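Visitor: I would like a close look at one part of this protein. Please take me through the ligand site and then what surrounds it.

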Amino acid sequence: MKIDNILEDFEEIGDNHIASSAENPVRKDAFKLSNQEKIASIEKDVFRILETLGMDLTDDSLKGTPKRVAKMFVEEIFSGLHPDNKPKASVFDNKYKYGEMLVEKNITVYSTCEHHLLPIVGRAHVAYISNGTVVGLSKMNRIVDYYAKRPQVQERMTMQIVQALQEILNTKDVACVIDAKHLCVNSRGIRDIESSTVTSEFGGKFKDPATKREFLDYINIDTEF
Ligand SMILES: Nc1nc2c(ncn2[C@@H]2O[C@H](COP(=O)(O)OP(=O)(O)OP(=O)(O)O)[C@@H](O)[C@H]2O)c(=O)[nH]1
Ligand SMILES: [Zn+2]
């Protein structure tokens, strides 16, 4: 099917989202196009934007930009929209019976604000208490990165990370705090370079004030960017 026909289908379906409170508003037909078809389509769109702005797209430095941006959207900064890219998280038995919380802190977050398509840059801190299962440490970083690679709002991303780890670890006892700078606040609009945004989600035992306090003490949040 030609790309233009497929895009017409998209328009007919309108805002028929895959609905779930913490899911991104992605349409059910989002995976009808292959990555190559998406790149070809977005390349044309970016070309048009730059042309409308009056840029000379025959210029050496600019002529590759539409394709570069399209590839970057599909294969890099929005690759987390595709469920095939969800990291496989290897889990193990908690044979050593470690009973305290495990905290993976200072996980680098590079995401994109869905309102302005500008970067969100910050740190995520993730914790869980094992219910008999443990997960490879790096998988927590990978889960954060997967949900970050979408057009996002920080609140939703925080909840998605907790829900994904709750599923993987088969326990509600998971928490996440994210401290991040939104370039849409820092570099344009109000242009407040100093402010950052903190969001949190505390599941299961992390709702208990002492457990929450312990986690917050470990991460001692005063993020350096
Ligand atoms: N809740 C929430 N808001 C966000 C996030 N990222 C960006 N925003 C805000 O989304 C809002 C969009 O508001 P609009 O008033 O439509 O956008 P705008 O006219 O560009 O607003 P200004 O940024 O104030 O210039 C802005 O206030 C952003 O700061 C996020 O992760 N969570
Ligand atoms: Zn924004």
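Visitor: Over residues 42-219, how much of the chain is helix and how much is strand, and how far apart are the end C-alpha atoms?

Guide: This is a predicted model. Over residues 42-219 the chain is 38% helix and 26% strand. The C-alpha atoms at the two ends of that stretch are 40 Å apart. The range comes from UniProt, where an unreviewed entry lists residues 42-219 as "domain: GTP cyclohydrolase I".

Now the site itself. Ligand 1 is surrounded by Cys113, His115, Val153, Gln154, Glu155, His182, Cys184, Val185, Gly189 and Ile190. By type, that shell holds 5 nonpolar, 4 polar and 1 charged residue. Two helices, α5 (154-169) and α6 (183-186), each supply at least two residues of the shell.

The record also marks positions here. In the unreviewed UniProt entry, the annotation "binding site" covers Cys113, His116 and Cys184. These positions are spread over 72 residues of sequence, yet they cluster in space, with a largest C-alpha distance of 7.6 Å.

Take the two cysteines in turn. Cys113 belongs to strand β2, which covers residues 101-113. Is Cys113 buried, exposed or partly exposed? It is partly exposed, because 18 other C-beta atoms lie within 10 Å, and a buried residue needs 20 or more. Beyond its neighbours within four places in sequence, Cys113 contacts Leu118, Ile120, Gln152, His182 and Cys184. Two of those, His182 and Cys184, are also in the shell around ligand 1.

Cys184 sits in helix α6. Cys184 has 17 C-beta neighbours inside 10 Å, so it too counts as partly exposed. Its contacts, with neighbours within four places in sequence left aside, are Cys113, His115, His116, Leu118 and Gly189. That list includes Cys113 and His116, which the record annotates as "binding site".

Next, the packing. The largest nonpolar core has 31 residues, and Val126, Val144, Ile161 and Leu165 touch the most other members. At least two residues each come from β2, β3 (119-129), α4 (137-148), α5, β6 (174-182) and α7. Helix α5 gives the most, with 7 residues. So what links site and core? Because α5 supplies at least two residues to the shell around ligand 1 and 7 to this core, the helix takes part in both. Ile161 shows the packing in detail. Outside four places in sequence, Ile161 touches Ala124, Val126, Ile143, Val144, Tyr147 and Cys176.

Helix α7, another contributor to the core, spans residues 209-219 and holds Thr211. Thr211 is partly exposed, with 18 other C-beta atoms within 10 Å. Not counting residues up to four places away in sequence, Thr211 touches Lys205 and Phe206. From Thr211 to Arg27 is 184 residues in sequence and 38 Å in space, C-alpha to C-alpha.

Finally, step back to the whole chain. The chain is divided into domain 1 (3-85) and domain 2 (91-219). Their centres, taken over C-alpha atoms, are 27 Å apart. The contact between them takes 8 residues from domain 1 and 11 residues from domain 2. On the domain 1 side, the touching residues divide into 4 nonpolar, 4 polar and no charged.

Technical notes: Residues are numbered from 1 along each chain as its sequence is written. Chains are lettered from A and ligands numbered from 1 in the order in which they are written. This is a predicted model: local features need pLDDT of at least 70, side-chain atom pairs count only at pLDDT 80 or more; totals for chains, interfaces and linings use all residues. A residue is near a molecule or strand if its C-beta atom, placed from the backbone, lies within 6 Å of it. Helices (H or I, at least four residues) and strands (E, at least two) are DSSP runs, numbered from the N terminus. Ala, Val, Leu, Ile, Met, Phe, Trp, Tyr, Cys and Pro count as nonpolar, Asp, Glu, Lys and Arg as charged, and the others, Gly among them, as polar. UniProt positions are given in the numbering used here, feature names are shortened, and annotations may be inferred rather than shown by experiment. A residue is buried if 20 or more other C-beta atoms lie within 10 Å of its own, exposed if 12 or fewer, and partly exposed in between; C-beta atoms are placed from the backbone. Two residues are in contact if their C-beta atoms, placed from the backbone, lie within 7 Å. A nonpolar core is a set of buried Ala, Val, Leu, Ile, Met, Phe, Trp, Tyr and Cys residues joined through C-beta atoms within 7 Å. Domain bounds come from an automatic or database domain assignment.
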